[in-house]
Each structure stands twice: as C-alpha cells, then as structure tokens.
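Subject: Handing over the structure

Hi,

Here is the structure I promised to pass on. Have a look at it first, then read on for what turned up.

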Amino acid sequence: MLALLAAGSVFFPGLFMVSKKTLKHTRGWREGDAAIVSARLVSSVQAVMASSAGCVIASSCRDVLEDRHWLTETYILFATPYFAYDIYAMFLCYWHKLQVKGHEEEEEAGGGGRSVGAAVAGYLRRELLMVLHHVFMVAFCFPASLLWRQGKGDFFQGVLFLAELSTPFVCLGKVLIQYQKQHTLLHKVNGGLMLLSFFTCRVLLFPYLYYAYSRYASIPVYTVPLVAPWQCNLGAALLWPLQLYWFTLICRGALRLLVTGRSKSPPPTSKADHAGRSTASNGCTSHQGDRR
C-alpha cells in the first residue's frame with residue numbers, strides 16, 4: 001500500500017520535471033511554456049492510464065457487485081497522489097501566466113513582483129471548483145473506494161476510471177489554443193471528440209452507474225438511491241452537477257466560437273480576391289481544461 005502511494009508520489013511529479021527539462025533543453029522553450037505543456041502532458045498520461053485500467057476492470061467483472069480485479073485497488077493507490085500533485089501543478093501554471101500577463105500589476109506593486117500569497121489567493125478564486133474537486137477526490141473518494149466499499153463493486157470503480165477518457169482531448173485543445181492553432185483542422189476534430197467524450201464519459205456516467213445496478217438488482221432505477229450506500233449517493237450528488245456545469249461551459253464556448261467564426265466570414269468576392277484567404281474556424285473550450 002505505502003509502496004504504491006510512494007510510487008505515484010514520485011512518478012507524476014517526476015514525469016512533470018523530466019518533461020519540462022526536456023522541452024527547455026531540446027526545444028529551447030521558456031520556463032512557463034514548458035511547465036504548462038508538461039502539466040497537460042502529465043494529466044493526459046494519467047488519463048490514459050486510468051482509462052486503460054477502467055477498460056480492463058469493467059470488461060473483466062461479469063458480476064458487477066461481487067467480482068474483484070487486482071488492478072482496482074492497485075491503481076487507486078498509485079493514482080491518488082496525482083490529485084495532490086495536480087493542485088500544485090495548476091498553481092505553478094497559474095504563476096507562470098501571471099509572470100507574462102501581470103507586468104502592470106507588478107509595476108504598481110513597486111517592481112518587486114507579485115507576492116506568492118496574492119498569487120495563491122487569486123489562484124484559489126479562479127480555480128476553486130477544481131481545487132475542491134481534487135481535495136474531495138483525496139479526502140472522500142480515496143477512503144470510499146479503498147475502504148468503505150469493502151471490496152465490492154470493482155466494476156463500478158472501473159467505469160468511474162473511464163471518466164478520464166475526455167482529459168487528453170481537453171488538454172490538447174488548450175495547447176492548441178495556447179499556440180493560436182484554433183483555425184486548424186486538428187482543433188476542429190479535437191473539439192468534436194472532446195464534446196463527445198465528455199458527454200459520454202462524464203455526463204452520462206452517473207446515470208449509467210445507477211442504471212447498471214438497477215439491472216443487476218432487478219429493481220426500478222429510481223429506487224436505486226434508496227438502497228445504494230450513502231457514500232455512493234453523496235459522491236454522485238457532488239460530482240455529477242460539477243460535470244454538468246463544466247459541460248455547459250464547453251457547449252457555450254463551442255457556440256461562441258461558432259458564432260464568432262461565422263460573423264467574421266468574409267462576404268463573397270471574386271476568385272482573385274478570395275484566393276489565399278482562410279475562413280474563421282469553430283472549436284470548443286472547457287473550464288476543466290482551462291484550470292491550468
């Protein structure tokens with residue numbers, strides 16, 4: 001148990017540091033750019049690992065309540081330190097953004113740079129929901145998944161891991177926006193995949209969990225909350241609205257960019273005038289992806 005926690009505590013920060021140094025020395029990137037891209041790379045790696053583990057676990061459990069898989073608790077222990085690391089990584093990215101965008105505030109402060117305390121306060125105001133989400137994952141979901149469920153429901157835990165499937169698309173979208181690649185086909189395709197994966201793996205996730213148990217127990221789905229453990233109901237009640245909120249932001253961002261792209265489209269002109277022009281493209285952004 002302690003060995004897996006220690007391994008996760010070393011792996012995620014270590015991967016971040018290695019990626020950042022590699023980008024700085026081989027690509028000549030600035031500290032801030034390297035840190036932001038590295039943080040998104042680590043998030044994507046964790047998401048791929050979690051999704052892969054979820055596929056293996058969910059597909060291996062025929063009995064959704066009683067079947068066990070060794071990978072369930074193993075990955076829970078290994079991945080839990082990621083959420084603590086990610087809180088720091090998000091702050092580090094926010095700090096680097098302040099160094100680029102906050103010169104006026106620094107000058108008003110006397111040229112000594114913005115204090116760490118002020119940066120922490122601004123970070124918490126901007127990313128409060130994401131920080132609370134990560135704290136909840138460590139303080140509540142970790143003991144609930146490892147201890148309170150008493151070895152039951154590995155299938156459901158595996159399905160929960162699949163929620164991370166949308167994260168790589170969110171991270172790639174933010175990297176493309178960071179480097180002003182919103183007009184590319186890659187950004188359009190990635191935006192569509194992000195919408196689809198987020199809706200499927202996060203918005204529909206919790207209703208599916210209740211539906212799966214209703215089929216297993218042969219009871220109406222609306223009665224499942226009455227018989228499910230309180231930890232499951234509490235987790236769903238807190239996490240599902242957050243996914244709905246983030247998905248709403250994604251859709252609003254996609255609609256806004258779509259409308260903006262159409263409004264900036266040039267009127268019909270001659271072929272000679274039209275040659276070489278590029279049309280405005282649409283895409284989508286996410287508050288979750290903007291957390292760094």
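Below is what I found, going from the overall fold to the cores, the salt bridges and the surface.

One thing to keep in mind from the start: this is a predicted model.

**Overall picture**

The protein has 13 helices and 0 strands, so the element string from the N terminus on is just α-α-α-α-α-α-α-α-α-α-α-α-α. There are 292 residues, and 44% of them count as buried. About 15,500 Å² is exposed, with carbon and sulfur atoms supplying 66% of that area. If you take the contacts between residues at least 6 apart in sequence, 78% of them join residues at least 24 apart.

**The first stretch**

Helix α1 covers residues 2-26. I checked its length: 25 residues at 1.5 Å a residue should span 36 Å, and the end C-alpha atoms are 35 Å apart, so the two agree. Its buried residues are Gly8, Phe12, Phe16, Ser19, Lys20 and Leu23. Note that a lysine and a serine are on that list, alongside two phenylalanines. Just after α1, glycine 28 takes a positive phi of about 70°.

**The cores**

The largest nonpolar core has 44 residues, and the ones with the most contacts inside it are Phe16, Tyr75, Tyr85 and Phe155. Elements giving two or more residues to this core are α1, α2 (31-60), α3 (70-101), α6, α7, α10 (205-217) and α12. The largest share, 12 residues, comes from α3. Phe16 links back to the α1 list above, where it appears among the buried residues.

What does phenylalanine 155 touch, once residues up to four places away in sequence are left out? The answer is Ala58, Cys61, Val64, Tyr208 and Ala212.

There is also a second, separate core of 17 residues, which includes Val170, Met194, Phe198 and Leu242.

**Salt bridges**

Side chains of opposite charge can pair when their charged atoms come close. A search of the whole structure gives 9 salt bridges, and three of them are worth a walk-through.

- Arginine 30 and aspartate 33: the closest N and O atoms are 3.2 Å apart. Arginine 30 is exposed, because its relative accessible area is 55% and the cut-off for exposed is over 50%. Aspartate 33 has 18%, which is under the 20% limit, so this partner counts as buried.
- Aspartate 154 and arginine 149: these side chains meet at 2.7 Å, N to O. Both ends are buried, with aspartate 154 at 0% relative accessibility and arginine 149 at 14%. Arg149 and Asp154 also belong to a network of salt bridges that takes in Arg68 and Glu73.
- Arginine 202 and glutamate 164: here the closest N and O atoms are 4.0 Å apart. This pair links distant parts of the chain, since arginine 202 sits in helix α9 (residues 185-203) and glutamate 164 in the loop between α7 and α8, 38 residues apart. Arginine 202 is buried at 5% relative accessible area, and glutamate 164 counts as buried at 16%.

**Serine 166**

Serine 166 is found in the loop between α7 (154-161) and α8 (167-178). Buried or exposed? Serine 166 counts as buried, because its relative accessibility is 0%. Leaving aside neighbours within four places in sequence, serine 166 is in contact with Ser197, Phe198 and Arg202. Two of those names have come up already: Phe198 is part of the second core, and Arg202 is the arginine paired with glutamate 164.

**A nonpolar patch on the surface**

Leu147, Trp148, Trp230, Leu234 and Leu238 make a nonpolar surface patch of about 520 Å². The elements giving two or more residues to the patch are α6 (128-148) and α12 (230-263), with α12 providing the largest share, 3 residues. Leucine 234 lies in that helix, α12, and counts as partly exposed because its relative accessibility is 32%. Both α6 and α12 also give two or more residues to the largest core.

That's the lot from me; over to you.

Definitions and conventions: Residues numbered from 1 in each chain as written. Predicted model: local features only at pLDDT ≥ 70, side-chain atom pairs only at ≥ 80, totals over all residues. Heavy atoms only, no water. Patch = residues over 30% accessible without salt bridge, like charges linked within 9 Å, V, L, I, M, F, W, Y side chains within 5 Å. Areas by Shrake-Rupley, 256 points an atom, 1.4 Å probe, with all protein chains shown as cover. Helix = DSSP H or I, 4+ residues; strand = E, 2+ residues; numbered from the N terminus. Buried < 20%, exposed > 50% of the residue type's maximum accessible area, 1.4 Å probe, protein only. Contact = heavy atoms within 4.5 Å. Expected span 1.5 Å × (residues − 1). Core = buried A, V, L, I, M, F, W, Y, C linked by side-chain atoms within 4.5 Å.
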